Amino acid sequence: MTAIAANLRFGLSDSLVLARRNLSHVRQIPEKLLDVTVQPLMFVLLFAYVFGGAIAVPGGNYHEYLMGGIFIQTLTFGVMGPAMSMANDLSEGVLDRVRSLPVARSAFLVGHVLAEFAAALLGLTVMTVAGLIVGWRIHTDVPHAMAGFGLLLLVAFAMLWVGMLLGSVVRSADAAQGLVFVVIFPLTFIANAFVPSGTLPSVLQHFSNWNPVSALAAGIRTLFGNPTATPDGAAWPLQHPVASSLMWCAVLLAVTVPLAIAAYRRRTEG
């Protein structure tokens, strides 16, 4: 047990060192944080003040409806950061240099996870402040509000592992960026993230009702007491958005974590 505890402490210490290494790049290249600072702020302001006056939301105002979608859209696009960072380090031989040092084998992967999760926390803070500026408010009690932020952290963690998996299997950071954009962009817009799904054409409405992004956005709105604009006869995920959000996150983690670890191990063999 003593040896196991020592190995765990050694691995955690190495992981923290590599996490600081990843975060230190921000001082040299601050634009790395644009996707978790400027981008969410820009989306909040644009959608709130450009489209807010033209979109009616049953049971509430558009600014409060919007924030659930902005939270989820930004966290979903957060796949790109860890995917590009991991792919870039693997393709440029950073992993080979780390392996030449006396560090735990898992430290490289865990260090990336810790650094990217810290960036996600910064993004959530920026989005929360931006939402308060445009008039978004939490209308539920403290336990529900804490559950809402807890769900956001869970979504961020799940998306992070999706990015880790993608970054471990693609050949370059450019490939990771292109793949994320092609997949995530339609997922976040053919959903109830920015407009109620009842306003979409019938085919797109059916897709939106079963789109995990819709369930996640509705789950956040429910926990924060914001309007959900759920149409009558909506699919099960939208009728039970919190439960379905937890289910989607659990499925993503159950699939991506072991696959990402396996892909990482393949890259570190030899």
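Select Ala250 to begin: with a relative accessible area of 45%, Ala250 counts as partly exposed, a class that lies between buried (under 20%) and exposed (over 50%), computed with a 1.4 Å probe on protein chains only. The model is predicted, so local features need pLDDT of at least 70 and side-chain atom pairs pLDDT 80 or more, whereas totals for chains, interfaces and linings use all residues. Residues are numbered from 1 along each chain as its sequence is written, and side-chain values use heavy atoms, without hydrogens and water.

Widen the selection to helix α12, residues 241-267, where Ala250 sits; helices here are DSSP runs of H or I with at least four residues, numbered from the N terminus. Adding Leu154 shows a residue 96 positions from Ala250 in sequence, with the two C-alpha atoms 9.1 Å apart.

Next, stay on α12 and select Met247, which is partly exposed at 41% relative accessibility. Met247 joins Trp210, Trp236, Val251, Val255 and Leu259 in a nonpolar surface patch of about 580 Å², to which α12 gives the most, with 4 residues.

Finally, select Thr76, Met159, Leu187, Pro212 and Leu252, which lie nearest the centre of the second largest pocket among its 13 lining residues. The lining takes at least two residues from each of α7 (142-169), α8 (173-189), α10 (212-224) and α12, and α12 gives the most, with 4 residues.

Technical notes. 1 Å grid on protein atoms, 1.4 Å probe; cavity = no way out; pocket = protein on both sides within 12 Å on 5 of 7 lines; lining within 4 Å. Patch = residues over 30% accessible without salt bridge, like charges linked within 9 Å, V, L, I, M, F, W, Y side chains within 5 Å. Areas by Shrake-Rupley, 256 points an atom, 1.4 Å probe, with all protein chains shown as cover. Salt bridge = Lys/Arg side-chain N within 4 Å of Asp/Glu carboxyl O.
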